[in-house]
Amino acid sequence: FPEFDYRNNELFVESVSLKQIAREFGTPCYVYSRAALTKAYQAFDAAFANREHLICYAVKANSNIAILNLFARLGSGFDIVSGGELQRVIKAGGDPGKTVFSGVGKHVDEMRMALNANILCFNVESEAELIVLNQIAKDMGKIAPVSLRVNPDVDAKTHPYISTGLKENKFGVPASVAERIYQSTQQYPHIRFTGLDCHIGSQLTELEPFLQASHKMLNLLETLQSQGLSIEHLDLGGGLGIRYTDETPPSIKDYVSALCAGTRTVKQRLLIEPGRSLVGNSGILLTRVEYLKHTSARDFAIVDAAMNDLMRPALYDAYHAILPVQQNASEARNYQVVGPVCETGDFLGHDRKLSLNDGDFLAVMSAGAYGMSMSSNYNTRPRAAEIMVDHDQIHIIRQRETIDQLMADERVLPQ
Ligand code: LLP
């Protein structure tokens, strides 16, 4: 993690000491590196070379408006999955005209909001949804731009909870159904079929499933074109994995180059929807050791971040590296790094070799994606602050939540 590195045994983000951030802003907090975010985006953009393309950052990975704004300024489009995410994009200065709307259960209000905002495309996932969208567009006197999301039925070889492109999954329609729908476009006078879309899963560490999926999409595209349909873009979804520990995902450059090579014959604009690979390794979760607890069975490091702050370990048994902010040479123990939440599943890491004292700070690495965006208030824990470092500058991009905010909308009964 080049932007998160040690200087004289102390962990820095860019030119700022994490200890300084912890002391000044408190813990737990998420800390992001502007340089890392920028480099990741530019790696995608550069790898497309002369190919006409649009990178649609998957907002769900991290939806802080400072991060959306940063990507918008770099030219990014967005992949959203709710009306709320659309509002975030707009508030952050993102371009709705570069925004695609995915998801199996779009609400009519969200469809209206997106039609009003003139988004680039709805990625439609069922015939039922298409019928509703056609009706809403008709009522509003609009034409809705649509890609069907095709479920290419390939095995993404990732965690079953985040695999989406198998025919058993709830996502998309089979290619045969897509073909039938594209042949009956006259049934949907308020829809303009502008693209083809797929997304097969997340945290993929091999190229093969991507290539299989893009091959299937290419075949479908050719079939549709031979039937006279004009398609404007091909959206290949997101899903490129990152290195959490010893994974060896393809580089951004190799991934994009492979997609471009696999779709060499496609004249249309290529869209991709990366989330994790843009933000995952650009952020950490900074936490403080509250107590060390040594029992006959185990050594626990009880820290002030918990499963409500970073749900991935509890939910997927995901591995995040945990690094000491201050390295020291004293003897290491095998720690269970756990939070204050009242569940055995509340852990950030098992069996981590660390040398610790009360009050030490730890950095939970690779926490920029699906960290803050999946956090909750379980155990009435205010959500963490978020901080962006830019060279030697520290910007607070989200204040720590207060307990009052948590209860503000609740009411007791009158009697
Ligand atoms: N496009 C669509 C339609 C998606 O459903 C997703 C992610 C993406 C793009 C972005 O995928 P990425 O490039 O980030 O892999 N919470 C899980 C990950 C869930 C991913 C859901 N969809 C985790 O923490 O691992």
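# Close-up views of a predicted two-domain chain

The domain assignment of the chain gives domain 1 (4–32 + 280–407) and domain 2 (103–272), with bounds that come from an automatic or database domain assignment. This is a predicted model, in which local features need pLDDT of at least 70 and side-chain atom pairs count only at pLDDT 80 or more, while totals for chains, interfaces and linings use all residues. Residues are numbered from 1 along each chain as its sequence is written.

**View 1. Domain 1 and domain 2 and the contact between them.** Taken over C-alpha atoms, the centres of domain 1 and domain 2 are separated by 36 Å. Seven residues from domain 1 and five residues from domain 2 take part in the contact; two residues are in contact if their C-beta atoms, placed from the backbone, lie within 7 Å.

**View 2. The largest nonpolar core and valine 31.** A nonpolar core is a set of buried Ala, Val, Leu, Ile, Met, Phe, Trp, Tyr and Cys residues joined through C-beta atoms within 7 Å. A residue is buried if 20 or more other C-beta atoms lie within 10 Å of its own, exposed if 12 or fewer, and partly exposed in between, with C-beta atoms placed from the backbone. The largest such core has 113 residues, and those with the most contacts inside it are Leu18, Val31, Leu286 and Val364. At least three residues of this core come from each of domain 1 and domain 2. When neighbours within four places in sequence are left aside, valine 31 is in contact with Val13, Leu18, Ile21, Gly283, Ile284, Leu286, Ile387 and Val389.

**View 3. The open sheet of three strands, in the order E1-E2-E3.** Strands (E, at least two residues) and helices (H or I, at least four) are DSSP runs, numbered from the N terminus. Two strands pair if DSSP finds at least two bridges between them. The pairing in this sheet is antiparallel. Strand E1 (4–7) and strand E3 (16–17) stand at the edges, each with a single partner strand, so one side of each has no neighbour in the sheet. Four bridges join E1 to strand E2 (residues 10–13), and two bridges join E2 to E3.

**View 4. Residue pairs and hairpins of E1, E2 and E3.** Tyrosine 6 stands opposite leucine 11 in E2, and arginine 7 stands opposite glutamate 10. The hairpin of E1 and E2 has two residues between the strands, and asparagine 8 takes a positive phi near 45° there. On the E3 side, valine 13 stands opposite valine 16. The hairpin of E2 and E3 also has two residues between the strands, and in this hairpin glutamate 14 takes a positive phi near 45°. In a regular strand the side chains alternate between the two faces of the sheet. Along E2, Leu11 and Val13 point to one face and are buried, whereas Glu10 and Phe12 point to the other and are not.

**View 5. Lysine 60 and cysteine 342, two positions annotated in UniProt.** UniProt positions are given in the numbering used here, feature names are shortened, and annotations may be inferred rather than shown by experiment. In an unreviewed entry, the UniProt annotation "modified residue: N6-(pyridoxal phosphate)lysine" covers Lys60. Lysine 60 is found in the loop between strand E5 (53–58) and helix H3 (65–73). This lysine 60 counts as buried because it has 21 C-beta neighbours inside 10 Å. Outside four places in sequence, its contacts are Val81, Glu85, Gly275 and Ser373. UniProt, again in an unreviewed entry, places the feature "active site" at Cys342. Cysteine 342 is found in the loop between strand E16 (333–338) and strand E17 (347–354), and it counts as exposed because it has 9 C-beta neighbours inside 10 Å.

**View 6. The buried side of helix H3.** Ile67, Leu68, Leu70 and Phe71 are buried in H3. These residues cover an arc of only 160° around the axis, which puts them on the same side of H3; the arc is that of the directions from the helix axis to the C-beta atoms. Their cover includes strand E4 (29–33), H2, E5, helix H4 (83–91) and H10. Just after H3, glycine 75 takes a positive phi of about 105°.

**View 7. The two sides of helix H9 (residues 252–262).** Ile252, Tyr255, Val256 and Leu259 are buried. They cover an arc of only 90° around the axis, which puts them on the same side of H9. Lys253 and Ala261, on the other side of H9, are exposed. Among the elements that cover the buried residues are helix H2 (34–47), helix H8 (208–226), strand E12 (269–272) and helix H10 (276–279).
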